[in-house]
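User: I am new to this structure. Please walk me through it with short questions and answers.

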Amino acid sequence: MKILAVDIGSTFTKLTAIDGEQRRIIGTAQSFTTIEDDVMIGFDHAFQRLTEKREGNPCAGFSYDRLLVCSSAAGGLKMVALGLVPDLTAKAARTAASNAGAKVMKTFAYEISKQEEEEIYRINPDLVLLCGGTDGGNKEVIIANARRLCQIDRSFTTIVAGNKSANDEIIDIFKQAGKDFVVTENVMPLFNKLNIEPARDAIRNLFIARIIEAKGLHKMQEKTPYKIIPTPLAVLQACELYSKGTATQPGKGDMLAVDVGGATTDVYSMANGKPTMESTLVKGLPEPWSKRTVEGDLGMRYSMRHVYDHVKDRAIDDAMPLDKVKSWVDKCSAAPETLPSADSDEEKIEEFLGRSAVALAVERHCGRMEAVYTPFGLMHTLEGKDLMEVPSVIGIGGVIRNSRHPEAILKGAFYDIARPGCAKPKTPRLYVDSKYIFAAMGLLSTIEPELAFELLEKETVLLDYKPREVTIGKLPMAGQVNDEDLDAGCAC
């Protein structure tokens with residue numbers, strides 16, 4: 001059995017050819033994604049490179065029995081999420097959307113205003129996740145938000161995943177307005193209890209209808225009986241498989257993975273995230289064991305200018321000539337297919353920007369620690385996941401895989417004594433997805449999980465990097481952490 005896994009990314013279309021009988025990857029190829037014309041053009045170019053008849057090419061004349069496809073072309077699935085209060089149902093909504101592979105553009109809380117209606121209009125999302133209230137609790141806000149969403153002249157589909165007591169009235173509102181909607185289970189049926197799987201499944205099922213046609217992927221869908229899914233969801237499935245293992249093979253345990261793409265940087269953690277320090281109180285919603293966050297302003301091509309804006313002041317501290325950094329950003333923004341030359345200033349700048357994207361994305365993903373005085377003495381609080389003892393960090397994405405010094409980029413995921421409140425990994429081992437196959441293996445896991453795990457284990461390469469010794473810095477007192485909320489917030 002021959003299997004072809006295809007990842008249509010925002011910058012490159014990547015192909016992975018798999019021999020099921022020999023249980024190995026026999027070849028990979030990529031080509032620039034042709035979003036503006038027809039994504040099939042980029043696929044055909046990549047397939048020609050994969051199968052061209054040249055000496056030593058094991059894929060010469062390759063044909064496949066099964067085709068598996070994922071896509072994040074043109075930035076992926078754009079969503080906004082609405083909830084009742086920021087720290088509860090709004091956060092639950094964001095978690096459900098992110099874990100489904102969506103790019104969450106904005107989260108709104110309480111009853112949205114006219115100004116926020118206009119903001120949603122400008123975002124022009126593919127999907128809206130409407131949440132609010134525990135079952136039997138407040139239903140006025142979610143009903144009011146349903147009415148306001150129906151006033152927005154956009155063609156998004158709304159997934160209703162809030163207080164079930166409001167469902168009948170909400171259904172009537174959407175039907176009368178002629179708006180597309182789907183009703184599923186509440187993301188938080190009880191106080192502080194997450195139930196994100198039904199909403200995650202609803203988002204995944206709507207991916208075909210909302211993205212495949214819009215991005216011209218319907219031709220690719222016609223070539224396979226398997227549904228095209230968002231690339232981040234495929235990567236999440238691979239991370240879960242690698243961490244948990246299979247029925248016959250033990251997994252690798254807790255891990256953090258960082259996927260630096262052209263438009264976004266995604267972070268995945270497979271860990272319970274419980275406090276590792278004594279005398280720590282947990283604040284906020286419980287965190288899911290399997291968690292993904294996506295940073296739409298942190299990418300190494302389409303969002304590269306945003307990375308530069310975040311870290312241009314740090315370039316001076318890293319002895320990076322600011323004018324050269326800006327020049328490289330301008331060049332890559334104008335021509336996303338541009339790659340740096342080896343042993344050049346461009347290569348060092350690319351590593352600096354990649355490390356910065358990793359640092360910011362992991363800061364936003366992991367939990368926040370603070371010191372607080374209580375009647376019982378000094379204690380600590382944790383909001384979000386404590387990942388300080390996570391033993392492994394895996395680098396995914398072209399900027400990491402193509403780098404001659406991937407460890408220089410992945411160091412951005414490390415605990416930073418200058419930001420002691422952020423619970424990033426202290427002394428992890430570093431790995432790299434050597435052939436950029438995590439998305440492909442996530443796809444393969446749906447039909448051949450044992451084979452997918454074997455290939456992940458083989459191709460996830462340990463870097464020659466000795467873990468450092470780290471002493472936890474003095475935690476900030478509650479209320480002291482600001483720094484623009486760690487450039488948009490930890491534990492988001």
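Analyst: Two terms come up often. Two strands pair if DSSP finds at least two bridges between them. Helices (H or I, at least four residues) and strands (E, at least two) are DSSP runs, numbered from the N terminus. This is a predicted model: local features need pLDDT of at least 70, side-chain atom pairs count only at pLDDT 80 or more, and totals for chains, interfaces and linings use all residues. Residues are numbered from 1 along each chain as its sequence is written, and side-chain values use heavy atoms, with hydrogens and water left out.

User: In strand 16, what is the bridge partner of Tyr-373?

Analyst: Strand 15 pairs with strand 16 in the antiparallel sense, over 7 bridges. A hairpin of 2 residues joins strand 15 to strand 16. In strand 16, the bridge partner of Tyr-373 is Leu-378.

User: Which strands are the edge strands?

Analyst: The open sheet has 3 strands in the order 13-16-15, with mixed pairing. Strand 13 and strand 16 (residues 377-383) pair in the parallel sense over 4 bridges. Thr-280 stands opposite His-380 in strand 16. Each edge strand pairs on one side only, and these are strand 13 (280-283) and strand 15 (368-374).

User: Which residue in the turn between strand 2 and strand 3 has a positive phi?

Analyst: Strand 2 and strand 3 run antiparallel, joined by 8 bridges. Thr-16 stands opposite Thr-28 in strand 3. The two strands form a hairpin with 4 residues between them, and the turn residue with a positive phi of about 55° is Arg-23.

User: How many degrees of arc do the buried residues of helix 1 cover around the axis?

Analyst: Buried means under 20% relative accessible area, exposed over 50%, partly exposed in between (1.4 Å probe, protein chains only). In helix 1, the buried residues are Val-39, Met-40, Gly-42, Phe-43, Ala-46, Leu-50 and Thr-51. They lie on the same side of helix 1, because the arc they cover (taken from the directions from the helix axis to the C-beta atoms) is only 155°.

User: What do the buried residues of helix 1 pack against?

Analyst: Helix 1 (residues 39-51) has 13 residues. Contact here means heavy atoms within 4.5 Å. The buried residues of helix 1 pack against strand 1 (2-8), strand 2 (12-19), strand 3 (24-32) and helix 7 (218-221).

User: Which helix gives the largest share of the largest nonpolar core?

Analyst: A nonpolar core is a set of buried Ala, Val, Leu, Ile, Met, Phe, Trp, Tyr and Cys residues joined through side-chain atoms within 4.5 Å. The largest has 47 residues, and those touching the most other members include Leu-4, Leu-50 and Ile-203. The largest share, 7 residues, comes from helix 6 (residues 197-212).

User: How many residues are in the second, separate core?

Analyst: In soluble globular proteins, nonpolar side chains tend to be buried together. Trp-328, Val-390, Leu-410 and Cys-422 are among the members of the second core, which counts 38 residues.

User: Is Ser-392 buried or exposed?

Analyst: Ser-392 is found in strand 17 (residues 392-396). Leaving aside neighbours within four places in sequence, its contacts include Asp-254, Leu-256 and Tyr-431. Its relative accessibility is 8%, so Ser-392 counts as buried.

User: What is the relative accessibility of Ser-403?

Analyst: Ser-403 is found in the loop between helix 12 (398-401) and helix 13 (406-410). Leaving aside neighbours within four places in sequence, Ser-403 is in contact with Glu-351, Gly-398 and Ile-409. Ser-403 counts as buried because its relative accessibility is 15%.

Key
Expected span 1.5 Å × (residues − 1).
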